[in-house]
Amino acid sequence: MTFWDHLDVLRGTLFRSLGAIILCSVLGLAFKNFLFDSIVLAPARPDFFTYRLLGWSFSMELINVEVSAQFFVHLKAAFAVGVIVAFPYVVWELWKFLSPGLYAREKKPVRTAFLMSTGLFYLGVLVGYFIVLPVCLQFFMNYTVSDAVANTITIGSYMSMFFSMVLLIGVVFEFPTIVLVLNRLGVLDRSLLRKGRRYAFVIVLVLSALITPADPFSMFVLAIPLYLLYEFSILLCSKSPVKSEAAE
């Protein structure tokens with residue numbers, strides 16, 4: 001295939017993936033009440049699973065101060081639903097695009113990595129939804145500079161934290177998948193990751209600061225699972241780079 005042929009195939013992959021996300025987003029548009037009352041706004045209520053499990057007292061009042069805010073919040077939430085639901089199909093499309101360029105011995109481990117990516121993404125979404133987001137909300141809602149200042153949160157502010165805590169953490173949890181693919185392609189090995197632990201710790205803190213509101217507490221909450229992912233990536237790697245068939 002020529003370069004332009006590859007671009008045509010890639011364009012088809014991207015269009016089909018985007019189409020699947022849009023199609024799944026219709027679910028979020030059609031089932032608005034279930035989406036917000038049972039899922040999106042659940043961490044804002046005191047009876048949320050995490051608060052009851054830890055015995056925390058929690059209270060949050062959400063308001064809307066912009067005319068069109070609730071409409072656009074619905075659109076963003078529906079798109080997030082589309083990304084989450086369609087994620088396995090998007091991974092499958094990427095696998096179809098990449099697999100013809102792999103050697104026979106590379107296809108099995110890379111296929112395993114792509115299958116693992118779906119589980120890791122959903123694991124990251126669950127960690128963000130049930131752990132990081134509730135912990136951050138609990139911290140910020142109970143933190144005040146004065147008793148005279150009440151914490152009344154806008155729906156836009158809440159949704160911004162919701163998306164960063166849930167979707168971005170799901171994406172970041174794909175790190176072991178990338179490491180496994182690079183290892184099986186002979187780009188890196190276990191010893192290289194072990195030597196990079198110090199740098200990895202700094203990168204984890206930076207990522208945590210970018211995803212969370214950058215306060216020390218929420219950074220620490222997110223940094224723990226991210227660093228554990230790095231250690232898990234080391235276990236996934238072989239001790240030495242895998243030689244490709246071309247090198248042999």
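With which residue does Glu93 form a salt bridge, and how far apart are the closest N and O atoms? The partner of Glu93 is Arg16, and the closest N and O atoms of the pair are 3.0 Å apart. Glu93 belongs to helix α4 and Arg16 to helix α1, so this salt bridge ties together parts of the chain that are 77 residues apart in sequence. The model is a predicted one. The chain in this model has 10 helices and 2 strands, and a search of the whole structure finds 5 salt bridges. The points below cover the overall architecture, the salt bridges, the two largest pockets and the surroundings of Ile234.

**Overall architecture**

- Read from the N terminus, the elements follow the order α-α-α-β-α-α-β-α-α-α-α-α.
- Taken along the principal axes, the box filled by the C-alpha atoms of the chain is roughly 70 × 40 × 30 Å.
- The chain comprises 248 residues, and 42% of them are buried.
- When contacts between residues at least 6 apart in sequence are considered, 81% join residues at least 24 apart.
- The chain has an accessible surface of about 14300 Å², and carbon and sulfur atoms account for 69% of that area.

**Salt bridges around Glu93**

- Arg16, Glu93 and Lys96 are joined in a network of salt bridges.
- Within this network, the pair of Glu93 and Arg16 links helix α4 with helix α1.
- Glu93 also meets Lys96 in a salt bridge, with an N to O distance of 4.0 Å.
- Glu93 and Lys96 both lie in helix α4, where a spacing of 3 residues places them about one turn of the helix apart.
- Glu93 counts as buried, because its relative accessibility is 1%.
- Arg16 has a relative accessibility of 39% and therefore counts as partly exposed.
- Lys96 is likewise described as partly exposed, its relative accessible area being 37%.

**Salt bridge within helix α1**

- Asp8 and Arg11 form a salt bridge in which the closest N and O atoms are 3.4 Å apart.
- The two residues are 3 residues apart in helix α1, so about one helical turn separates Arg11 from Asp8.
- Arg11 is partly exposed, with 47% relative accessible area.
- Asp8 counts as partly exposed, with a relative accessibility of 40%.
- In general terms, side chains of opposite charge can pair when their charged atoms come close.

**Largest pocket**

- The volume of the largest pocket is about 470 Å³.
- This pocket is lined by 18 residues, and those closest to its centre are Leu94, Phe114, Glu174, Thr177 and Ile178.
- Helices α4 (69-98), α5 (104-141), α6 (155-172) and α7 (175-184) each supply at least two residues of the lining.
- Helix α4 gives the most to this lining, contributing 6 residues.
- The lining of the largest pocket consists of 15 nonpolar, 2 polar and 1 charged residues.

**Second largest pocket**

- The second largest pocket has a volume of about 370 Å³.
- Its lining comprises 22 residues, and Leu35, Ile39, Ala80, Val81 and Ile84 are those nearest its centre.
- At least two lining residues come from each of α1 (3-30), α2 (32-40), α4, α5 and α6.
- By class, the lining of the second largest pocket has 21 nonpolar residues, 1 polar residue and no charged residues.
- Helices α4, α5 and α6 thus each supply at least two residues to the lining of both pockets.

**Surroundings of Ile234**

- Ile234 lies in helix α10, which spans residues 216-236.
- Ile234 is buried, because its relative accessible area is 3% and the cut-off for a buried residue is under 20%.
- Apart from neighbours within four places in sequence, Ile234 is in contact with Arg190, Leu193, Arg194 and Arg197.
- Pro109 is 125 residues from Ile234 along the chain, and the C-alpha atoms of the two residues are separated by 15 Å.

Terms used
Residues are numbered from 1 along each chain as its sequence is written. This is a predicted model: local features need pLDDT of at least 70, side-chain atom pairs count only at pLDDT 80 or more; totals for chains, interfaces and linings use all residues. Side-chain values use heavy atoms; hydrogens and water are left out. On a 1 Å grid over the protein atoms alone, a cavity is a set of points where a 1.4 Å probe fits but cannot get out, and a pocket is an open set with protein on both sides within 12 Å along at least five of seven lines; lining residues have an atom within 4 Å of a point. Grid points are joined across faces, edges and corners, and a volume is the space filled by probe spheres set on the points. Helices (H or I, at least four residues) and strands (E, at least two) are DSSP runs, numbered from the N terminus. Ala, Val, Leu, Ile, Met, Phe, Trp, Tyr, Cys and Pro count as nonpolar, Asp, Glu, Lys and Arg as charged, and the others, Gly among them, as polar. A salt bridge is a side-chain nitrogen of Lys or Arg within 4 Å of a carboxyl oxygen of Asp or Glu. Buried means under 20% relative accessible area, exposed over 50%, partly exposed in between (1.4 Å probe, protein chains only). Contact means heavy atoms within 4.5 Å. Accessible areas come from the Shrake-Rupley method with a 1.4 Å probe; for residues, only the protein chains shown count as cover.
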